[in-house]
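Happy to walk through this one with you. Have a look at the chain below, and then let's take it question by question.

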Amino acid sequence: MRKAQIAGLAFVFIWFFVGGIMHFVATDTEARIVPPYIPWPVAAVLVSGVFELLGAAGILIGRTRRAAGIGLFLLTLAVTPAHIYMLQRPELFPVPLWALWLRLPIQAALLWLIVWSTWRLRRK
């Protein structure tokens with residue numbers, strides 16, 4: 001791996017490791033952003049926190065990096081409804097509206113970084 005790819009991998013690891021921990025430290029806060037049509041918001045937060053931590057650990061191991069990257073990519077897509085819900089109901093959250101809009105391009109960049117840093121092409 002190139003140094004830039006390693007730096008990207010480190011960023012992805014820190015993002016999901018810290019994020020996963022926050023699902024357990026601030027469970028109630030995290031559950032507030034779960035859209036109301038998703039049942040059991042606390043369980044959704046805890047399960048996604050476990051998957052964030054597993055994915056963060058998985059990208060550190062060469063043999064599991066690709067599978068963990070795919071899992072983190074899909075998990076990142078799965079939380080998109082929470083971002084959209086926050087945009088639809090910004091009055092419910094103590095976050096500036098510009099920051100809620102900024103999350104969408106940041107999420108797209110994160111998706112790209114996950115793929116770029118975890119997907120090594122196999123040589124023939």
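What follows is a set of questions and answers on this predicted model.

Q: How many helices and how many strands are there in the chain?
A: Reading from the N terminus, the elements run α-α-α-α-α-α. The count for the chain is therefore 0 strands and 6 helices.

Q: What radius of gyration does the chain have, and how does it relate to the globule rule?
A: For 124 residues the globule rule gives 14 Å, and the chain comes close to that, so it is as compact as a globular protein of that length. Along the principal axes, the C-alpha trace spans about 50 × 30 × 20 Å. The radius of gyration itself is 15 Å.

Q: What percentage of the residues in the chain is buried?
A: A residue counts as buried when its relative accessible area is under 20%. The accessible surface of the chain comes to about 8000 Å², and 73% of it belongs to carbon and sulfur atoms. Of the 124 residues, the buried ones make up 35%.

Q: Among contacts between residues at least 6 apart in sequence, what share joins residues at least 24 apart?
A: Contact here means heavy atoms within 4.5 Å. With pairs at least 6 apart in sequence as the starting set, the share that joins residues at least 24 apart is 68%.

Q: What is the volume of the largest pocket?
A: This pocket is lined by 33 residues. Glu30, Ile33, Val79, His83 and Arg103 are the lining residues that lie nearest its centre. The volume of the largest pocket is about 860 Å³.

Q: Which helix gives the largest share of the lining of the largest pocket?
A: The lining of the largest pocket has 33 residues. Two or more of them come from each of H1 (3–25), H2 (27–32), H3 (41–58), H4 (65–78), H5 (80–88) and H6 (97–118). The largest share is 6 residues, and the helix that gives it is H3.

Q: How many residues in the lining of the largest pocket are nonpolar, polar and charged?
A: Glu counts as charged and Ile as nonpolar, and both kinds appear nearest the pocket centre, with Glu30 and Ile33 among them. Over the whole lining, the residues divide into 4 charged, 7 polar and 22 nonpolar.

Q: Is Val79 buried, partly exposed or exposed?
A: Val79 sits in the loop between H4 and H5 and is one of the residues nearest the centre of the largest pocket. Its C-alpha atom is separated by 15 Å from that of Trp40, 39 residues apart along the chain. With a relative accessible area of 30%, Val79 is partly exposed.

Q: Which residue in the loop between H2 and H3 has a positive phi although it is not a glycine?
A: The phi in question is about 55°. The residue is at 67% relative accessibility, which is over the 50% cut-off, so it counts as exposed. It is found in the loop between H2 and H3, and it is Trp40.

Q: Which residues does Leu92 touch, not counting those up to four places away in sequence?
A: Leu92 lies in the loop between H5 and H6 and is partly exposed, at a relative accessible area of 35%. Its C-alpha atom and that of Phe51, 41 residues apart along the chain, are separated by 27 Å. The residues that Leu92 touches are Arg32 and Tyr85.

Q: What separates the C-alpha atoms of Ala10 and Ser117?
A: Ala10 lies in helix H1 and counts as partly exposed, at 36% relative accessibility. Ala10 and Ser117 are 107 residues apart along the chain. Their C-alpha atoms are separated by 8.9 Å.

Q: What separates the C-alpha atoms of Lys3 and Pro39?
A: Lys3 lies in helix H1 and, at 76% relative accessibility, counts as exposed. Lys3 and Pro39 are 36 residues apart along the chain. The separation of their C-alpha atoms is 42 Å.

Conventions:
Residues numbered from 1 in each chain as written. Predicted model: local features only at pLDDT ≥ 70, side-chain atom pairs only at ≥ 80, totals over all residues. Heavy atoms only, no water. 1 Å grid on protein atoms, 1.4 Å probe; cavity = no way out; pocket = protein on both sides within 12 Å on 5 of 7 lines; lining within 4 Å. Points joined across faces, edges and corners; volume = space filled by probe spheres on them. Helix = DSSP H or I, 4+ residues; strand = E, 2+ residues; numbered from the N terminus. Rg over C-alpha atoms; globule rule 2.2 N^0.38 Å. Buried < 20%, exposed > 50% of the residue type's maximum accessible area, 1.4 Å probe, protein only. Areas by Shrake-Rupley, 256 points an atom, 1.4 Å probe, with all protein chains shown as cover.
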